[in-house]
Amino acid sequence: MPHFTADAPGRCPHNHPAHTPPPNPPVAVPPPPDGRRTAWAANATAPALLARVATEHRLTLVHYSTEYVFDGTATEHTEDEPVSPLGVYAQSKAAGDIAVAGTARHYILRTSWVVGDGKNFVRTMAALAEKGVSPTVVDDQIGRLTFTDTLAAATAHLLRSGAAYGVYNCTNAGEPCSWRDIAAEVFSLSGRDRADVGATSTEAYFAGKEGVAPRPLNSVMSLDKLTATGFEPEDHLDALRRYLKA
């Protein structure tokens, strides 16, 4: 179940989903039926309960969502694009978004390719570069990284600025890249040759693998609505360089 905080004077619960597959490839979920039940309990039922509490107590609810709610066919996903989830995890997240939207005072932040503390794609690639390994990474999934400090800053900005309630896409800015591009950049920043990172397709990479949550090939989301509030996300490659130096 997600946890949340409601701290005066802001009186603002934050919904942090507990059942979230790793944000970077490969993405796996527990086998059904338990995985399906867990996903729906954490990602749909729990946000619905939080939305009910927020309505009853006139709270502002902050909910973090994902680009998984889209099928990846749009060139750039906007906040008003109808959801089109591809798999169980994505369907449960879309249901949670719908539930949270039912309370008047809500912010839904849709994000993707999250990088922060703990195990993540960037740390994995940096470790492989250090060990002399030359990985093969998918090159047909396109998007932008989201660093957790950017996500936190955007959340604080929306709350403090009194921005209109609703859905906001929130990633770092800059030119979209493939996962292979990101890996190659990490290798270059680690002193390795970019060519040491091989390329493959999503279909080939996951061939024969079970329990993989289907991911939209295009995760690029429009940031126009967010920047219109006065928040300017850092370029994701600049943030990547800063992250690796820390």
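**Figure 1. The whole chain, with its 8 helices and 10 strands.** Helices (H or I, at least four residues) and strands (E, at least two) are DSSP runs, numbered from the N terminus. This is a predicted model, in which local features need pLDDT of at least 70, side-chain atom pairs count only at pLDDT 80 or more, and totals for chains, interfaces and linings use all residues. Residues are numbered from 1 along each chain as its sequence is written, and side-chain values use heavy atoms, with hydrogens and water left out. Of the 246 residues in the protein chain, 48% are buried, where buried means under 20% relative accessible area, exposed over 50%, and partly exposed in between (1.4 Å probe, protein chains only). Among contacts (heavy atoms within 4.5 Å) with a separation of 6 or more, 81% come from residues 24 or more positions apart. The protein chain exposes about 11,400 Å², and carbon and sulfur atoms supply 54% of that; the areas come from the Shrake-Rupley method with a 1.4 Å probe, and for residues only the protein chains shown count as cover.

**Figure 2. Where to go easy on the N-terminal part: residues 1–10 have pLDDT under 50.** For pLDDT, the predictor's confidence in each residue from 0 to 100, the chain mean is 88, and 86% of residues reach 70 or more. Over residues 1–10 the model has 23 contacts beyond four places in sequence. Residues 17–24 also sit below 50, and that stretch has 31 contacts in the model beyond near neighbours in sequence. Where pLDDT is low, the predicted coordinates should not be read in detail.

**Figure 3. Strand S2 (residues 61–66), covered on both faces.** In a regular strand the side chains alternate between the two faces of the sheet. Here Leu61, His63 and Ser65 are buried on one side, and Val62, Tyr64 and Thr66 are buried on the other. That makes 6 of the 6 residues buried, so S2 is largely enclosed by the rest of the structure. Its partner is strand S3 (residues 106–111), paired in the parallel sense over 6 bridges; two strands count as paired if DSSP finds at least two bridges between them. Follow His63 across and you land on its bridge partner in S3, Ile108. The chain gets from S2 to S3 by way of helix H2 (residues 88–100), in a right-handed β-α-β crossover. Right-handed here means that, with the strands pointing away from the viewer, the path from the first strand over the helix to the second runs clockwise.

**Figure 4. Two positive phi values outside glycine, at Arg58 and Trp113.** Arg58 belongs to the loop between helix H1 (34–56) and S2, and its phi is near 55 degrees. At 61% relative accessibility, Arg58 is exposed. Trp113 has phi near 50 degrees and lies in the loop between S3 and S4. With a relative accessible area of 1%, Trp113 is buried. Its C-alpha atom is 8.9 Å from that of Glu67, 46 residues away along the chain.

**Figure 5. Asn120, in the loop between strand S4 (114–115) and H3.** Buried or exposed, at 6% relative accessibility? Asn120 counts as buried. Its side chain reaches the backbone nitrogen of Arg123 at 2.9 Å.

**Figure 6. Helix H5 (residues 179–189), largely enclosed.** With 8 of its 11 residues buried, H5 is largely enclosed by the rest of the structure. The buried ones are Trp179, Arg180, Ile182, Ala183, Ala184, Glu185, Val186 and Phe187. They pack against helices H3 (121–131) and H8 (236–245), and against strands S5 (136–138), S9 (177–178) and S10 (198–200). Just after H5, Gly191 takes a positive phi of about 90 degrees.

**Figure 7. Glu234, in the loop between helix H7 (224–227) and H8.** At 29% relative accessibility, Glu234 is partly exposed. Setting aside residues up to four places away in sequence, Glu234 touches Asn172, Ala173, Ala239 and Arg242. The side chains of Glu234 and Arg242 share a polar contact of 2.8 Å. A polar contact is a pair of N or O atoms within 3.5 Å; within protein, one must be able to donate a hydrogen and the other to accept it, and residues adjacent in sequence count only if both atoms are side-chain atoms. Along the chain, Phe147 is 87 residues from Glu234, while their C-alpha atoms are separated by 9.2 Å.
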